[in-house]
Protein chains: 2
Amino acid sequence: MKQLTVELGERSYPIYVGEGLLNDIAATLGKHRIGTKSPLLLVTDEQVAKHYLERVKGLLEAGGYKVATAVVASGEKSKSLSVLEDIITVALEAGLDRNSAVLALGGGVVGDLAGFVAASYMRGVRFVQIPTTILAHDSSVGGKVAVNHRLAKNVIGAFHQPEFVLYDIATLKSLPDREVRAGLSELVKEGFILDREFVEWCDANAEKLLALDSAALEHALYIGCGVKAKVVSEDEKEGGLRAILNLGHTIGHALEAVAGYGELLHGEAIAIGMVGAARLSAKLGNPASIASETERILRQFGLPVRIPRHLDTDAIMGAMMHDKKFTEGSMVFIIPKDIGEVEINRSVSSVWVREVVDSLKEGE
Amino acid sequence: MKQLTVELGERSYPIYVGEGLLNDIAATLGKHRIGTKSPLLLVTDEQVAKHYLERVKGLLEAGGYKVATAVVASGEKSKSLSVLEDIITVALEAGLDRNSAVLALGGGVVGDLAGFVAASYMRGVRFVQIPTTILAHDSSVGGKVAVNHRLAKNVIGAFHQPEFVLYDIATLKSLPDREVRAGLSELVKEGFILDREFVEWCDANAEKLLALDSAALEHALYIGCGVKAKVVSEDEKEGGLRAILNLGHTIGHALEAVAGYGELLHGEAIAIGMVGAARLSAKLGNPASIASETERILRQFGLPVRIPRHLDTDAIMGAMMHDKKFTEGSMVFIIPKDIGEVEINRSVSSVWVREVVDSLKEGE
């Protein structure tokens, strides 16, 4: 098992990464002073429930915990206020109180949703992240929780840090192949942001990672979570630096919104967005090799690097205008200056963005 | 004008109390570094909108601000996730960004609702409280914001402190008589909690307050807000002390829930609840005179001190079980030990609570 800490003063918390950690979930809760008197709420989705719900519930009950469960539909559509309200109904009916904790067992959707339940239920109860996807290494660290509005993603939420993150890499073995690739997209992203060495390691170990080799996954998640933890520690509430984590997200979120949440997985949309950011970088005077190298590495992981032809450029540009990363009308982009180094550019010309979007259309 | 400060370190903020302060709203926003580049969202209800919306909007626009408005139905029913979602639609369509601010113009419902919009929109934007009722002196100070769930009040929310509270007592002059009385209930409550002298002053000045005498109101709101600010400064997130502000609220919230939000005004329910808490105090061995004195003073303000006969005791007890002020099954009550002095009692027998509820039924 590997352990690292997200340093946030009195809100600091550990991330545990290793195979088989779920077996000790009850003891780990106890170690974090989450007692058995108040009921727990275990939130998961239908897909994850099939594999792990009964087992995790059983482990918790064996540890003396009362456990209420909320199983939501798999996919981004569950990140809504109406699903949030349904989960809060479960919480109230189960008698959750201020000493209770909410456990998110699943991917990023479950983590974001359950995290906002924990942030808002009785104005905030404790929260534990148990990510079961590679992608969720990113969303499970850092305390950003939210649901979507029909006009924009993640626009209703909070900053609410978990008590701990428990990453049992055994749970990754049941992931569909496409989700593995999409998860690795966000993991390599952490390297593209500020760890060239990690990008090179991923490049050299792509096959092992795609084959879900335990040692490779443990190392990659440890390093990836470490990058995330470092950035979050320096800027908890996204005052500035933390925005660098959004490399590829401005275009990526817009693609997801226009494609209607589902056609493109988040990690796939981010892969395309990272290539877009690298092409913007070239327009800003940086070497064109950043874009070609980014594209080459992402292709190695079987990730898409082109925008599906039927997605309308105007619609994509419009979706970006609704994105919360716009401030006072100017377009903010995270721009790679090199592999493993980014800058926040607050005055990217929307004309250039449109040109890059067009250049990324399939078949161009 | 009187000014006091809620001391919360870097989140400290002022409360301005005085007649005609709304005239300077634009300048006051500017003083608090809320600039004119990003649009403002002004949230109010239909009743308040009739009197003040056009005027306040005009004052803001004259100061160079772009202003989006959301007018909700008057009353507790607007404190719902669905109304919250509607307001966020307005915010997105108006292009509110992270530098925007949400202004709550109205009573406690508007403040709680708009405050939770501000807390959750893009994970938190700035927030200004402009209370237009006496009752709202309590809810507008301290940063507790929330909406209701059909099973419990204020159960979905956050702690989100405003940038400032602007209390223009001119806006109180249009309040219906019943709301004046209900507001004074919560104002006297601040005295019952920790300022005997203020209770005596209220007792001596009841007529002036009921007649909305400007000087009396300014003094009473200044002192009442001061009590609230003092308690909040010492315990921002209701870890312990802050719970004393809930004097009368355990029974009061249950009465509101059972009566179906509307039959009893909040301040009326709290008045009955304060008498209930005082009667529980007698059962705990304190002088019975606390209850009779509490009742006498509240009657002077024309407030109800008995539970409407048709409200079922079992339903009232059941509603209390859903109230978030229960921890691990034991019943927590704020108990007056004297006029102007309270204690938090975490082990009040539910049998006694039932006896007190029965004893408070009209006609008993």
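**View 1. Lys153(A), a buried lysine in a salt bridge.** At 10% relative accessibility, Lys153(A) counts as buried; buried means under 20% relative accessible area, exposed over 50%, and partly exposed in between, with a 1.4 Å probe and protein chains only. The side chains of Lys153(A) and Glu76(A) form a salt bridge in this predicted model, 3.4 Å from N to O. A salt bridge here is a side-chain nitrogen of Lys or Arg within 4 Å of a carboxyl oxygen of Asp or Glu. The two residues are 77 residues apart: Lys153(A) sits in strand β8 of chain A, and Glu76(A) in the loop between β4 (67-72) and α3 of chain A. Helices (H or I, at least four residues) and strands (E, at least two) are DSSP runs, numbered from the N terminus. Glu76(A) is buried too, with a relative accessible area of 16%.

A few notes on reading these views: the model is predicted, so local features need pLDDT of at least 70 and side-chain atom pairs count only at pLDDT 80 or more, while totals for chains, interfaces and linings use all residues. Residues are numbered from 1 along each chain as its sequence is written, chains are lettered from A and ligands numbered from 1 in the order in which they are written, and side-chain values use heavy atoms, with hydrogens and water left out.

**View 2. Two salt bridges between helices of chain B.** Glu268(B) pairs with Arg178(B), their closest N and O atoms being 2.6 Å apart. Glu268(B) belongs to helix α11 (residues 266-283) of chain B and Arg178(B) to helix α6 (residues 177-194) of chain B, so this salt bridge ties together parts that are 90 residues apart in sequence. Glu268(B) is buried at 7% relative accessible area, whereas Arg178(B) is partly exposed at 35%. In the second salt bridge, the closest N and O atoms of Asp314(B) and Arg354(B) are 2.8 Å apart. Here helix α13 (residues 313-322) of chain B supplies Asp314(B) and helix α14 (residues 350-359) of chain B supplies Arg354(B), so the pair ties together parts that are 40 residues apart in sequence. Arg354(B) is partly exposed, with a relative accessible area of 34%.

**View 3. Where chain A touches chain B.** The contact, meaning heavy atoms within 4.5 Å, takes 37 residues from chain A and 37 residues from chain B. Together the two chains bury about 3400 Å², 57% of it on carbon and sulfur atoms; this buried area is the accessible area (1.4 Å probe) that two parts lose on being put together, summed over both. The rule finds zero salt bridges across this interface, but eight residue pairs are in polar contact, both at pLDDT 80 or more. A polar contact is a pair of N or O atoms within 3.5 Å; within protein, one must be able to donate a hydrogen and the other to accept it, and residues adjacent in sequence count only if both atoms are side-chain atoms.

**View 4. Thr89(B) meets chain A.** Look for Thr89(B) in helix α3 (residues 81-93) of chain B. Thr89(B) is buried, at 11% relative accessibility. Its side chain joins that of His149(A) in a polar contact of 2.8 Å. Setting aside neighbours within four places in sequence, Thr89(B) is in contact with His149(A), Arg150(A) and Leu151(A).

**View 5. Thr133(A) in its loop.** Thr133(A) lies between β6 (126-131) and α5 (136-139) of chain A. The side chain of Thr133(A) reaches the backbone nitrogen of Ala136(A) at 3.0 Å. Thr133(A) is buried, with a relative accessible area of 11%. Its contacts, not counting residues up to four places away in sequence, include Gly106(A), Tyr167(A) and Glu179(A).

**View 6. Helix α10 of chain A, a mostly covered helix.** Nine of the eleven residues of this helix (residues 249-259) are buried, among them His249(A), Ile251(A) and Leu255(A). After α10(A) comes Gly260(A), whose phi is positive, near 90 degrees.

**View 7. Leu247(B) and its neighbours.** Leu247(B) occupies the loop between α9 (214-234) and α10 (249-259) of chain B. At 2% relative accessibility, Leu247(B) is buried. Beyond residues up to four places away in sequence, Leu247(B) touches several others, including Phe192(B), Met274(B) and Pro336(B).
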